[in-house]
Each structure stands twice: as structure tokens, then as C-alpha cells.
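Biologist: Could you take a close look at one residue for me and tell me what surrounds it? I'd love one connected picture that I can follow at the bench.

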Amino acid sequence: MGESAKVEIGGKGTDYAVRSGTVGPDVIDIRKLYANTGAFTFDPGFTSTASCESEITYIDGDQGILLHRGYPIDQLAEHSSFMEVSYLLLNGELPSKSELETFTHTISRHTMVHEQLTTFYRGFRRDAHPMAIMCGVVGALSAFYHDSTDIADPHQRMVASHRLIAKMPTIAAMAYKYSIGQPFLYPRNDLSYTGNFLRMTFGVPAEEYVVDPVIEDAMDKIFILHADHEQNASTSTVRLAGSSGANPFACIAAGIACLWGPAHGGANEAALNMLREIGTPDRIPEYIARAKNKDDPFRLMGFGHRVYKNFDPRAKVLSKAASDVLDRLGISDPVLDTARELERIALSDPYFIDKKLYPNVDFYSGVILSAIGFPTTMFTVLFALARTVGWVAQWNEMISDPEQKIGRPRQLYTGAAQRDYVAVDKR
Ligand code: CMC
């Protein structure tokens, strides 16, 4: 582009290169700003800051566009599979038939976890939140798989990535089984990635579990829709943790911890709890009024997004999938009626229109997951399972970047200036 931006401080101006991506806003490369001027930029919450260069995912929040390696999310959700999308995110291109077979086979050969890992579960209370278990158990993987923690070795990085993608369904299903006191089920590699997960979650050793193709398909779609989302909070956490050279299992555990928060992945659990609390459409105005009241911390969960200021394209796919799944399973859930009515009322209210608040991915996913039979506490676990591929793809990209540096933000210090220590009897 050849353009530059001038920053002038104290009458002294310096030019900074303006860089253009393939699509999307330009960025001003201010890496030399501090060296040139002695000043930092101030952007808590990163609303105007690109933290890295990436080729994986692109979001246009104003147009409601989400692309993985250039492919629109609605096309991937409609035509692809979670295994194929995982390959795409990790490797940059859609796989050929044989590449997909090899990849699927490789993942299926890593689904078991070290037998000793099962003893970790027994250390948790039965009523532990499964996300607490996920943080602990995934972090503990680094104590078991020493042969894939050398991050300087691209082969070991790929093995760790495959292990994480493959073991997450096993670890997630075990967290669920532990909470309800049922025996753990070993993976079955003749099933699909998603079918295997459903069996490990809802099957019992006493009888054969038959995977319902309707549920398998809906679940696979949900995994695709959650697979990656650019530099969101948990992905940035994984990158930041990884920038210090921490091992991949520790980095993904950090991502899981960040995802748990209700402003991020925890919103799917919060959204369904909110819809159940509202209960019937006649109580919606009361909740809309609360959401608009500045003195009330209440927010409509599943509404709003930092980047999407138009419809979240993932919510569009899930809104339709929610009706399909409930219809095909023959379930009539009043929560779906409440969700549809809440969406209708909110989207015609000037408060939500002016602030560009639309339903996000979490608004409808809970309705589907609940129809499938998951308790709300498992919702964020499923998000973590699917997002693992995005996390490892972004982590690999960061480590392979020759310009990669430890992530070390600065601050605007507003505390006390230097002062002398005062002995306790003189204070
Ligand atoms: N209900 C009511 N008002 C809202 C909501 C909401 N859900 N979201 C934002 N607002 C208002 C907010 O009060 C603020 O108003 P004002 O300008 O008068 O102060 C304005 O809209 C902008 O909000 P913000 O908090 O400055 O926006 P943000 O970009 O920092 O936050 C968000 C984005 C997703 C954290 C926020 O919209 C939110 O808390 N939503 C509910 C939680 C949720 O559904 N999160 C899932 C996000 S998608 C999946 C994921 O990332 O994991």
C-alpha cells in the first residue's frame, strides 16, 4: 500500500508503515513507537489492537462474515465435517480424500488416555464443575506425554496437536461420567469422532450404544461452528501462554480456564439458564427492561459480541439447527419458543438496534445441547472440545512465526510514585 501514519509527540513526528491484510482493516505497525518516542499506546481490551499476524480465520463483524482459511462458515457447517474443518484449520487447505482418511485415522489412534490419568478424576468432588476438571486434567497431560512437549520440533508439535484434538472428547466424556457416577467408557475407533464422543458420554458398558445420525450430525455442526474464532480471549490466552515457550498441554489448559468465563464460552450455560428462568414469553419484557437498566448488572446472555455488530453467522446456522433437531427428535421445548420470542422483541427494541446487539453463537446452542441430553454444566466443555483445534492451529502458527516474541504488554502506571519505606511504629 505504501501509506504511512505519522505520530507526533512534543512536536517531533515519526512515520509508521501502514500494512494491509488480504481483506479487513489496515494496521499501523507501531512496533518502533516506544523506541522512537518513549511513549506506549493504551488499549486495554484490545479494541483497536491487532496482537498478531494470522492466516487462519477472518471475521468481518459489520457484515457478519466468518471465514476459515477463506471458506465461509455456513458452507463448512452445511457441507463439511468437524474432522475436515480440523484438517483445514491445522494445515491451511481442504484435504484430499486420502489426506482426510489418514488424518481421521491418526486422530482415532490417539483417542485413549493414559490409564493412570483416570485416577486424577477420583481426586475431584462428584459435584465439581466439569470445566474445573477439564482445566486440571488437560494441564496434567504434560505430565504424561513427555515425547510431545519439545515445542522447537515441528513433528512433536503436530503430535501434541493431534493428541489434544483426539483426547478432548475422551477427557470431556470422562468428566461427565464422573459427575453422574457411571463407569468411564473406552473410545471406539470404528465410530466417527463425534459418534465416539456421544457413545463415551451417553453409552454404558452394560449395553450397546447406537449413535443416532440426527444427533451426530447436529453435534458435528456445533463442533464446526465453535472450531475457531480468530484472536478471541481464550485463543489470545493460548498464544500468550505459548509465547513464553510453555508446553502445548499447559497452554490449552490456560485457554480452557479463560473460556470458562460467562462473557466468553460460559455464556452458553448462562444463556440457557436465563431462558429457563424467564420461563414463558410473557415474562420477557421484565428481562428486557432489566437488560436496559444501567443500574442493573444483568445482561441478556447470548446477546452481543465484541466483533459482530451484525448477525453472528454461527447463530444463524444454529437457529435453524435448533428447530431441525427438536423437530426430528420430536421434542417440544418451551425454551425454544421463549428464545424465538426474546430474539424477536429484542431485535425490534431501539436499545438493542442502536447498540447493534444480536444473538450470538451461544443463544441457540444451549437449546440444542439440552435437547440432546447434556446438562448445562457440560455446555462450555463442548465449546472447549471443539475450540481445541483452533487453539492448537493458532499456537502452531505462532511458534512457527520467525518473528515470534514473548507477549509482554506494558501499562499506564497510575500508582504511587517512588517513596521511602516507613517503619511500622511511624505510620
Ligand atoms: N445485554 C444488554 N446490554 C448489553 C449486552 C447484553 N448482552 N451486551 C452489551 N450490552 C451493552 C453494554 O451495556 C454497553 O452499553 P453502553 O454503551 O450503554 O455502556 C454496550 O452494549 C456495549 O457493550 P460492551 O460490554 O462495551 O461490549 P463488549 O464488546 O466489551 O462486550 C460481550 C461483548 C460479548 C462481552 C457482551 O456483549 C456481553 O457481555 N454479552 C453477554 C455475554 C455473551 O453472550 N457472551 C458470548 C459472546 S459470543 C461467544 C464467545 O465469545 O465465547
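Modeller: Happy to! Leaving out residues up to four places away in sequence, Asn-268 touches Asp-362, Ser-365, Phe-379, Thr-380 and Phe-383, where contact means heavy atoms within 4.5 Å. This is a predicted model, in which local features need pLDDT of at least 70, side-chain atom pairs count only at pLDDT 80 or more, and totals for chains, interfaces and linings use all residues. Residues are numbered from 1 along each chain as its sequence is written, and side-chain values use heavy atoms, with hydrogens and water left out.

Asn-268 sits in helix α12, residues 267–278; helices here are DSSP runs of H or I, at least four residues long, numbered from the N terminus. With a relative accessible area of 1%, Asn-268 is buried, a word that means under 20% relative accessible area with a 1.4 Å probe, protein chains only.

One of those neighbours, Phe-379, also meets Asn-268 through its backbone: the side chain of Asn-268 reaches the backbone oxygen of Phe-379 at 3.3 Å. Farther along the sequence, Val-367 is 99 residues from Asn-268, yet their C-alpha atoms are separated by 9.2 Å.

Phe-379, Thr-380 and Phe-383 lead us to α18 (379–400), which is among the elements that cover the buried residues of α10, as is α11 (248–259). In α10 (residues 233–243), those buried residues are Ser-234, Thr-235, Val-238, Arg-239, Gly-242 and Ser-243. After α10 comes Gly-245, with a positive phi near 95 degrees.

Key:
Helix = DSSP H or I, 4+ residues; strand = E, 2+ residues; numbered from the N terminus. Buried < 20%, exposed > 50% of the residue type's maximum accessible area, 1.4 Å probe, protein only. Polar contact = N/O pair within 3.5 Å; in protein donor to acceptor, adjacent residues only side chain to side chain.
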